[in-house]
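User: I've got this model open and I'd like a close look at one part of it, the largest pocket. Could you walk me through what it is made of, and then set it against the rest of the protein?

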Amino acid sequence: MRDYHRFYASLRRIAVGDADDMKAALVGSFTDGRTTHLHEMTDAEYAAMCASLEERSGWKSELKKKRSVCLRLMQQLGVDTTDWARVNAFCSDPRIAGKVFAKFGVAELDALQVKLRAIMRKGGLGAMKAPSPGSQPRAEYMVLPIGNGGEA
């Protein structure tokens with residue numbers, strides 16, 4: 001069983017008229033007129049059609065550029081971007097995005113980019129102000145005379 005999300009997501013980006021007519025025309029052109037139904041396409045035909053749609057819409061290249069920008073920003077923050085488990089753990093933190101990096105769409109990558117730049121502006125991950133020597137808390141003691149109520 002095939003998931004048609006890839007096809008419909010790409011079709012939505014380029015459809016200018018009736019999407020059903022466009023779908024039938026696309027399927028027919030990639031199957032040499034054999035069918036107009038997605039479920040009757042071979043896996044190779046379906047993959048070629050989806051790749052063509054993604055290239056035509058420019059969505060794939062835009063997504064790739066935005067992922068690259070976010071990965072570069074994460075790297076500047078000290079996240080090891082060569083380890084996908086670390087990248088996913090970082091992104092899955094609810095304070096960052098709450099889901100794994102591969103699941104981000106274009107809009108979510110834009111939001112992540114803004115958040116990463118804000119973290120950088122504030123000093124990076126785990127940035128804490130080092131206390132200056134004069135601002136250390138000090139304990140002061142006062143010596144009180146011990147007596148019997150003021151009698152000598």
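**The largest pocket and what surrounds it**

Analyst: Start with H1, since five residues of the pocket lining come from this helix, the largest share. Keep in mind that this is a predicted model. H1 covers residues 5–14, and along with H4 (59–76) it is one of the helices that each supply at least two lining residues.

As for size, the largest pocket comes out at about 300 Å³. Its lining counts 14 residues, and the closest to the pocket centre are His5, Trp59, Leu63, Arg67 and Ala102. By chemistry, the lining is a mix: six charged residues, five nonpolar and three polar.

Now zoom out a little. The whole protein has six helices and zero strands, so to speak a plain α-α-α-α-α-α when you read along the sequence. Of its 152 residues, 28% count as buried. The exposed surface adds up to about 10,900 Å², with carbon and sulfur atoms supplying 55%. If you take contacts between residues at least 6 apart in sequence, 48% of them join residues at least 24 apart.

H4 is worth following away from the pocket, too. In soluble globular proteins, nonpolar side chains tend to be buried together. Here, the largest nonpolar core has 19 residues, and Cys70, Met74, Phe90, Cys91, Phe101, Leu112 and Leu116 are those with the most contacts inside it. Two or more residues of this core come from each of H4, H5 (84–92) and H6 (106–121). The largest share is from H4, with six residues. So H4 turns up twice: in the pocket lining and in this core.

For a handle on that core, click on Leu112. Leaving aside residues up to four places away in sequence, Leu112 touches Cys70, Met74, Cys91, Ile96, Phe101 and Phe104. There is also a second, separate core of 12 residues, and Ile14, Met22, Leu38 and Met49 are among them.

One last stop is Ala85, which lies in helix H5. Is Ala85 buried or exposed? Ala85 counts as exposed because its relative accessibility is 54%, and the cut-off for exposed is over 50%. From Ala85 you can also hop to Val100: the two are 15 residues apart in sequence, and their C-alpha atoms are 9.2 Å apart in space.

Definitions and conventions
Residues are numbered from 1 along each chain as its sequence is written. This is a predicted model: local features need pLDDT of at least 70, side-chain atom pairs count only at pLDDT 80 or more; totals for chains, interfaces and linings use all residues. Side-chain values use heavy atoms; hydrogens and water are left out. Helices (H or I, at least four residues) and strands (E, at least two) are DSSP runs, numbered from the N terminus. Buried means under 20% relative accessible area, exposed over 50%, partly exposed in between (1.4 Å probe, protein chains only). Contact means heavy atoms within 4.5 Å. Accessible areas come from the Shrake-Rupley method with a 1.4 Å probe; for residues, only the protein chains shown count as cover. On a 1 Å grid over the protein atoms alone, a cavity is a set of points where a 1.4 Å probe fits but cannot get out, and a pocket is an open set with protein on both sides within 12 Å along at least five of seven lines; lining residues have an atom within 4 Å of a point. Grid points are joined across faces, edges and corners, and a volume is the space filled by probe spheres set on the points. Ala, Val, Leu, Ile, Met, Phe, Trp, Tyr, Cys and Pro count as nonpolar, Asp, Glu, Lys and Arg as charged, and the others, Gly among them, as polar. A nonpolar core is a set of buried Ala, Val, Leu, Ile, Met, Phe, Trp, Tyr and Cys residues joined through side-chain atoms within 4.5 Å.
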